[in-house]
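The following exercises concern the sheet, the helices packed on it and the nonpolar cores of one structure. Each task is followed by a worked solution.

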Amino acid sequence: MKDDGPKGFDLAQLLAERGAERYELHTKHLNHQLPRMLRTIGFDKVYERAEGAHFWDAEGNDYLDMLAGFGVMGLGRHHPVVRKALHDVLDASLADLTRFDCQPLPGLLAEKLLTHSPHLDRVFFGNSGTEAVETALKFARYATGKPRILYCTHAFHGLTTGSLSVNGEDCFRDGFAPLLPDTAIDLGDLDALRRELKRGDVAGLVVEPIQGKGVHASPPGFLRAAQELLHKHKALLIADEVQTGLGRTGDFYAYQHEEGVEPDLVCVAKALSGGYVPVGATLGKDWIFKRVYSSMDRVLVHSASFGSNAQAMAAGLAVLSVGGRGDRGQRPPHRRFSA
């Protein structure tokens, strides 16, 4: 007998009956300032569908998507390869998230990511960019035995408490103190970096090669010089590539535009999701991971309940398969990435 699926829930019917209430529902039950803001600027639209880089509203008007979900839609919306991969993984009915086995998809996605960072060795999968940064902060502190992280003014690394502590915009930090005792320096200020490192308590510097807030690029030579100073003081360079990674600047990672830069930890997320399933990844050197996970007693010392879930891993693998092919289905020269 054919199974027609669960009874009693019809998503299409629910949307048809209640979809028009979207702004009222949001005002009543979610962030009430968002509908207010959208109405004020005239963007309280009703988008009915999306594909690639475009939206269509209820009247059939076509809108070019210049925001891309804050950088999530690296391949555009509803890319057919990513969409098929998600259908396939759902249809496979995998024994996912058992926590008492090792599924193949996380290892395959980690292997694929690490081919773009040959100086790195291991990956931790979480669910977002802010989780990827939180992981890097924890790993840097534990691996070095030092408590303080340096960050740059105007930086944006996320909004959970740890990542907020290295957020360089006061508008996000106001009212949420006390935060972790981290310290801001200006992007490109090697003298400030040198001064802070001399205090002997710095675990690392977290930096966006191109800052998302204000779009400030690190000065030529800064990342490499910072790396040398950090390593001299047994501290780590953490590259936050959540917004700039996976080809958004031409190279796979933005730090790769500067020769000789090899961060100790790299954070990615956003575009890795294909725009469907939240995923974040923290890539790092072998010795850092082995110091954090130093024994079987510490096997779960840092984990995420939904980290490495099959849907997220399938989406990530599909994204990298598309981006790595180039326009003609072949890997492009150098490190160029077409996503």
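**Exercise 1: a bridge and its strands**

Task: Identify the bridge partner of I149 in β7.

Solution: In this predicted model, I149 has G204 as its bridge partner in β7. Next, consider the strands: β5 covers residues 148-152 and β7 covers residues 202-207, and they pair in the parallel sense over three bridges. Finally, place both strands in the open sheet of seven strands, whose order is β4-β10-β9-β8-β7-β5-β6, with mixed pairing. The edges of this sheet are β4 (122-126) and β6 (183-185), each of which pairs on one side only. From one strand to the next, the twist averages 20 degrees.

**Exercise 2: helices against the sheet**

Task: Determine which strands helix α6 lies across.

Solution: Helix α6 (residues 104-114) lies across β4 and β10 (280-284). Its direction runs at about 120 degrees to β4. Turn then to helix α7 (residues 129-144), which packs on the sheet and touches β4, β5, β7, β8 (236-240), β9 (265-268) and β10. The direction of helix α7 makes about 165 degrees with that of β9.

**Exercise 3: the nonpolar cores**

Task: State how many residues the largest nonpolar core has, and which have the most contacts inside it.

Solution: The largest core has 53 residues, and L113, F125, L205, L272 and L283 have the most contacts inside it. Helix α13 (residues 310-323) gives the most to this core, with nine residues. Now examine F125: leaving aside neighbours within four places in sequence, its contacts include P106, L109, L113, V279 and M313. A second, separate core has 23 residues, among them L137, A143, L236 and I288.

Notes. Residues numbered from 1 in each chain as written. Predicted model: local features only at pLDDT ≥ 70, side-chain atom pairs only at ≥ 80, totals over all residues. Heavy atoms only, no water. Pairing = 2+ DSSP bridges. Helix = DSSP H or I, 4+ residues; strand = E, 2+ residues; numbered from the N terminus. Axes fitted to C-alpha atoms, helices over the stretch in contact; angles between N-to-C directions. Contact = heavy atoms within 4.5 Å. Core = buried A, V, L, I, M, F, W, Y, C linked by side-chain atoms within 4.5 Å. Buried < 20%, exposed > 50% of the residue type's maximum accessible area, 1.4 Å probe, protein only.
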